[in-house]
Amino acid sequence: MADDREPPPLFDDEKPDKKEEEDDLFATPNEAPKEEVKDEPASLPTEPVQDKASEDLFAADDDLFGAQNMQEDSAAPPQLEVVDEPPPEMDISGEGEEVDLDSPETEGPSSPAKMEPDSDSSPLEAPPMAEVLPPAKPVTEEKPKPTPAPRKPSMEKSKEEVGYTSFAQIEEEESGDQFALDIKVHDPGKIGDGMGAYMSYKVTTQTSIPAFRRPSMTVTRRFSDFLGLHEKLSQKHVHIGRIVPPAPEKSVVGMTKIKMSKEDTSSTEFVEKRRALLERFLQRISIHPVLQMDPDFRDFLEQDELPRATSTSAVSGAGVLRLIKGVGDTLSKVTIKMDESDQWFEEKQNQVEALDQQLKKLHASVEALVTYRKELGISTAAFAKSTAMLSNSEEHTALSRALSQLAEVEEKIEQVHLEQADNDFFLLSELLKDYIGIIQAIRIVFHERVKSFHNWQNAQQTLAKKREAEAKFKQTGKTDKIAHAQEEIREWEGKVEKGREDFEEISKTIRTEIRRFETNRVKDFRNIIIKYMETLMNSQQQLIKYWEGFLPEAKAIA
Amino acid sequence: MRSAVLYPSVIAQEGEDQDVPSRLTSTKMDNATEETNTNGTADVSDSPEADQDTPESSGLPEPTLPPKPFEPVFTVKVTDAAKDGEVVKYTLKTTKIKSDSEEYKVVRLYEDFEWLEHCLITQNDIAGIIVPPLPPKPSTTAQSAEARSKKQLGNDIKLVVGDEFEKDCRSLEKYLYLVVTHPILGQDESITKFLTVREAPTRAKLKKSIFSNLSKAVGEARKGGHKDVNEFFQKERDTVNEVSVQMKEAKENFMKIVYGEQRVAVGLSHLSTALHLGGQLQEGADVVVNKLFTQFSEGLEDAKQGLEVMAVNDENTLGFSLDLYSRYLEAEKEMLYRRTCKMMEFEAASKAVEKAKPQKREMVVAARDKAEKEFEDISKAAEKELKNFHHQRVLTFQDSLVRHADAKIKAARDTYALLTKCVTALKTLDTSFKPL
């Protein structure tokens, strides 16, 4: 990897072509022949038209909806970020469109058809990390007005909307039912003090599903409630092959900090991270055609008071049982093997494992990236301070002013870096983690199938034994036992039949679930990747804005 | 004790942009700074002194005839650095300003630059001169490269940073420029020899004794605090002490930004690579996801390149100036220190006169007069130097800041354009697939 570091393209060196784009973006950077200091900037490959005003670059991308908007936005000064105001609405109405059957865009599984709403919302959403965050208030009765809560990483909120959008789309196609469930988790608050303290979250739901009592509702829940919900759903659905979204992780460190009232950035981040996680958890349930109709899920969303889910605590009786069961499961995973007759399952399992590997690697890379970016932010802040000091000592007024401006610019850029790091994290890193968790849920479901097969096999073996016994009774003439034996045979024939049915059922369910998973995966990744790229674009835009603001000051020095 | 009355002109002068008191100075300065402007800073407007060229005929008393204004003779480029074993050879291309056809090309080692510096220092009266600082010797060993890589990229990134030849060339080139355009040093014959004669100057080992540096530092600490007779110089000394520290710190922090940018670029690169370790199936969702990942990976490469370009530009623009002036301010400090020493000698000599016994008086007075003259001379030279120095400093920084901002804007725009293309590609990617 030593050649990762290219030689700076100054001294007549050809910058090695990284990719042959159709537009020949890689022009050789020009050198300045005359100055004594060869600091002609190394240039990024751009189109050969670069002598013209930069607007041309944007104009060239006329067809790109997003670029259009960007260009207009960059022409207008800070108001750029205010463009964010519409997006949440756009988003919601976009969701609304897709969710309502009457909207034409919702037809068809192919992505190009769906592109319109996406591209409508995406570019405008794209600069969402601005200082001007649309404040989020808890939902009103009308659907298309909720604004996100004032929190720094608003990206992940939009991500959720987008993610939700995609889920809604899929379910739409599959179930063909009218369907709307919009869930938000917001307003985290600390209740109590000391070791007994906990965080509570508001859960607001808007729905048109008639099974719910009201079209919109807000309840207060604590973390253990979420775990309780997961527990209940798992008990009901996992053993028949449904992939239940994984439970949110417990975090002793994070919660201890909260309990101890440590008000630092890491605990705010922790709370935000958790809030977002809980929201995604609920949203994933809500887009599952079966799970969304589960009464426990409904209760969770609408009941004012839930029975305390004490069984979720690790040290409760249920917790211990879970532990034992978990161990048992692990052992059985090792001991029960299955002769896979169905090629599909074998391939799928391999595929899932490979995916797991890949996601873990990606996750590690993203975490590293987040760290580097945060460090860059810190360095930028340190330099801003140095520059401010130089400005103070500087006797030349104009230079002093320029240095002071430079310090301000660098401070703003620090924010850009930190926000981008947040995006790196909340978009990419959390998505990857989610999927790694889902894969774990998939593994569980596969294992359930193996257990089901095992049951079936056991039943068959028992049946065979019973038949043998009956035959032996017949042989040895123990007629009194024959009747009983025949009863048992019938019983076990029933069980075998049930076992086979169950096995087929779970296999069928898993196929459907996996198919859903794949579709979701494609949608999720596509949307997140696009969203993320747009945050990268937005960062560049902000850089342009700040440096263009600084340039006149620099020129005015002498 | 004769003191403050000596330099009415100097006292009046506080900032570079104010009226130049002596026509002599302004004329001489103009040429020097004008040359500075044309050779170095293309975009920057001429120095204010140039505007004052004409009207300053208000008859200030001039003790001597105006000397011939200095014009630099050469333009030098350091075009190449080649490693020959452990030794780096620099190629210098020189042209005479007056006649473009005279071109010279020589090869020099770092030691040759040291020789040049040595000549300049020893063969000229550098008392009141701020001597342009020779860049430190670049390290060429494998260990130093590794150490540098660790420092820049951190311990977790296993990459080796390449030799910084190009940066070294520019630093040396800038050094030569400063020397060649210096009104006094630029006249030294050694320069001609250094630039035009094919054979390298005799490479005698110049022992820079550790002790001389140490004793100098100690001396500076002791005498550096000695109060000045002159308000202007006192202020100048105070300022430079403060600013030189701040400049160094600013440079260090700035380089941290550059390294930080490089690290993020590496991070993006790693992520981009990891995206290529795709799924195995040739059908189904994996195919689509792989296509997405590939496109994403390209987008990340674009972002990475943008950052790398920014890092390079940063280092070449603002980074370069911060580094230069970190060292140049030290040179200013040294010059002021030399003057302070002369001042103290003068003060001591004056005291001696007061205490002198009649028979020794003549000698002591002569000594004092000599000390006074030396002090006057150095102060005069220093004043000129400082004016020129600060003016050049302001212009250099202006130039750097403008280029810095320009480069940033361009890189950001270019990156943005590339990212836009990527997003378009992503959006138009066909994500339909046949579920298996």
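Biologist: Which residue in β3(A) stands opposite Val203(A)?

Modeller: In this predicted model, strand β2 (residues 198–207) of chain A is joined to β3(A) by seven bridges, and the two run antiparallel. Strands (E, at least two residues) and helices (H or I, at least four) are DSSP runs, numbered from the N terminus. Opposite Val203(A) in β3(A) is Val219(A).

Biologist: What pLDDT do local features need?

Modeller: Residues are numbered from 1 along each chain as its sequence is written, chains are lettered from A and ligands numbered from 1 in the order in which they are written, and side-chain values use heavy atoms, with hydrogens and water left out. In this predicted model, totals for chains, interfaces and linings use all residues, side-chain atom pairs count only at pLDDT 80 or more, and local features need pLDDT of at least 70.

Biologist: How many residues of strand β3 of chain A are buried?

Modeller: A residue is buried under 20% relative accessible area, exposed over 50% and partly exposed in between (1.4 Å probe, protein chains only). Strand β3(A) covers residues 216–222 and is mostly covered. Of its seven residues, the number buried is five.

Biologist: Which strands of chain B stand at the edges of the sheet?

Modeller: The sheet is open and antiparallel, with three strands in the order β1-β2-β3 of chain B; two strands pair if DSSP finds at least two bridges between them. An edge strand has a single partner, so one side of it is left without a neighbour in the sheet. The strands in that position are β1 (74–84) and β3 (103–108) of chain B.

Biologist: Which residue in β3(B) is the bridge partner of Thr91(B)?

Modeller: Strand β2 (residues 87–96) of chain B pairs with β3(B) in the antiparallel sense over six bridges. In β3(B), the bridge partner of Thr91(B) is Val107(B).

Biologist: At about what angle does α6(B) run to β1(B)?

Modeller: Axes are lines fitted to C-alpha atoms, for helices over the stretch in contact (heavy atoms within 4.5 Å). Angles run from 0 to 180 degrees between N-to-C directions. Helix α6(B) lies across β1 and β2 of chain B, and to β1(B) it runs at about 150°.

Biologist: What distance separates the closest N and O atoms of Glu166(B) and Arg170(B)?

Modeller: Both residues lie in helix α6 of chain B, four residues apart, about one turn of the helix. Both are buried. They form a salt bridge (a side-chain nitrogen of Lys or Arg within 4 Å of a carboxyl oxygen of Asp or Glu). The closest N and O atoms are apart by 2.8 Å.

Biologist: Is Asp356(A) buried or exposed?

Modeller: Asp356(A) meets Lys360(A) in a salt bridge of 2.8 Å, N to O, and both lie in helix α12 of chain A, four residues apart. Lys360(A) is partly exposed, with a relative accessible area of 43%. Because its relative accessibility is 3%, Asp356(A) counts as buried.

Biologist: Which element gives the largest share of the core?

Modeller: A nonpolar core is a set of buried Ala, Val, Leu, Ile, Met, Phe, Trp, Tyr and Cys residues joined through side-chain atoms within 4.5 Å. The largest one has 130 residues, and Met533(A) is one of those that touch the most other members. Elements of both chains each supply at least two residues, including α14 (479–555) of chain A and α10 (285–355) of chain B. The largest share, 28 residues, comes from α13(A).
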